[in-house]
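Colleague: May I ask you to go through this structure with me? I should like to hear the reasoning behind each term.

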Amino acid sequence: MHGEYKVPGGKLVVVDLDEQDGRIAGFRLAGDFFLEPDEALGAIDAAVNGLPVTASAAEIGEAIKAGLPADAVLLGFTPESVGVAIRRALQHATSFADYAWTIIDDEPRLPLLHVALDEVLTEEVGAGRRGPTLRFWNLAGPAVYLGSFQSYKNEVEPEAAERHGIPVIRRITGGGAMFSEPDNAITYSLYVPGDLVQGMSFQDSYAFLDAWVIEALKALGIDAFYAPLNDITSAKGKIGGAAQKRLAAGAVLHHATMSYDIDADKMTEVLRIGKEKLSDKGTTSAKKRVDPLKSQTGMPKAEVQEALKATFRKLYGGTDGALTEAELETAAERIRTKFGTREWLHRVP
């Protein structure tokens, strides 16, 4: 069995192994990482051989740590990342390069339709009717997007939202509330088979699925990095956040919104952002938490979005595609029966 795992912000970890009587055998580690002394490579192989095939990535990492020489130095990877690569090998995980990707940069649509489309397109990938897809949202209006499990009354100032003409919507993913306006945000969704993140924890999969975005931002001159669990950030401040949903059919929705520009005064009027939310962010003001792409690149929003697409194509390929009439019709019906209903919006009062 063969497994690969590109450490977000680090190096490629490659593993080959067999299974004998429920245990790992014939294990060999390779990759473009740095490791000192040379003998440490054999120590890692020896630590892994004989482990049960049911061992978690964390358990494999602990075994490797115990087997490493005291003076070992690992650069570009960690013992836990070896564990992730092993789990991916054992569970026959796929990689980005295994798929023919479709990229959709669609016409502007209302936020409620975008939220419905996320559920529909993830289901389509899970059913095998659509291949893995990267879709950029283009907005025809503003919105506040509540996380699936957030309380409406705790997160939103309804009077301010109504005064500014901003609808409140609930999405199917968890995470925090987002405030978004058409010219101020770049949002994308990935609809992928579950095999792409096989063997990964939720935390590992977030950084893995957004690694191409970090590379794209670095190419634009932004010192971007991923901050667990789900923040795309830089030394100057948070750029955006991601959220994820794994459906029973086996497909994964992963989407992220990055601030291109922001009306901070309007945001803090519409959202209730309390001190507890900010307590672990090192700041006392929500306005200071976000540093938009406009100020960090000086580029028009359309050019930033094109740069993101270009990086994805360079790394993984991808052909231009479009939504089907059937997908749009299903999303419209989903708005009528779910996303546009008061029951869904206020399911957590």
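Modeller: Let us begin with a loop. Leu229 is placed in the loop between strand E12 (224–227) and strand E13 (231–234). The model is a predicted one. The peptide bond that leads from Pro228 to Leu229 is cis, its omega being near 5 degrees.

Colleague: Where does Pro37 lie?

Modeller: Pro37 is found in the loop between strand E4 (34–36) and helix H1 (39–48). The peptide bond from Glu36 to Pro37 is cis, with omega near -10 degrees.

Colleague: Why does Asp21 count as exposed?

Modeller: The term exposed requires a relative accessible area over 50%. Asp21 has 82% relative accessibility, and therefore counts as exposed. Asp21 belongs to the loop between strand E2 (12–20) and strand E3 (23–31). Its phi is positive, about 55 degrees, although Asp21 is not a glycine.

Colleague: Why is His92 called exposed?

Modeller: The relative accessible area of His92 is 56%, so the cut-off of over 50% is met and His92 is exposed. His92 sits in the loop between H3 and strand E6 (102–105). Phi of His92 is near 55 degrees, a positive value in a residue other than glycine.

Colleague: What makes a set of residues a nonpolar core?

Modeller: The members must be buried residues of certain kinds, Val, Phe, Ile and Met among them, joined through side-chain atoms within 4.5 Å. The largest such core has 64 residues, and Val15, Phe27, Ile86, Ile232 and Met258 touch the most other members. Helix H3 (residues 79–90) gives the largest share of this core, 6 residues. Domain 1 (2–90) and domain 2 (96–346) each contribute at least three residues to this core. A second, separate core of 23 residues includes Ile104, Ala143, Leu253 and Phe339.

Colleague: How many residues of domain 1 are in contact with domain 2?

Modeller: Contact calls for heavy atoms within 4.5 Å. On that rule, 6 residues of domain 1 are in contact with 9 residues of domain 2. The area buried between domain 1 and domain 2 is about 580 Å², and carbon and sulfur atoms give 61% of this area. On the side of domain 1, Tyr5, Pro8 and Arg88 lose the most area to domain 2, together 69% of what that side buries.

Colleague: How many salt bridges does the rule find across this interface?

Modeller: A salt bridge needs a side-chain nitrogen of Lys or Arg within 4 Å of a carboxyl oxygen of Asp or Glu. Across the interface of domain 1 and domain 2, the rule finds 0 salt bridges. Polar contact, however, is counted for 2 residue pairs between domain 1 and domain 2.

How values were computed. Residues numbered from 1 in each chain as written. Predicted model: local features only at pLDDT ≥ 70, side-chain atom pairs only at ≥ 80, totals over all residues. Heavy atoms only, no water. Buried < 20%, exposed > 50% of the residue type's maximum accessible area, 1.4 Å probe, protein only. Helix = DSSP H or I, 4+ residues; strand = E, 2+ residues; numbered from the N terminus. Domains from an automatic or database assignment. Buried area = accessible area lost by both parts, 1.4 Å probe. Polar contact = N/O pair within 3.5 Å; in protein donor to acceptor, adjacent residues only side chain to side chain.
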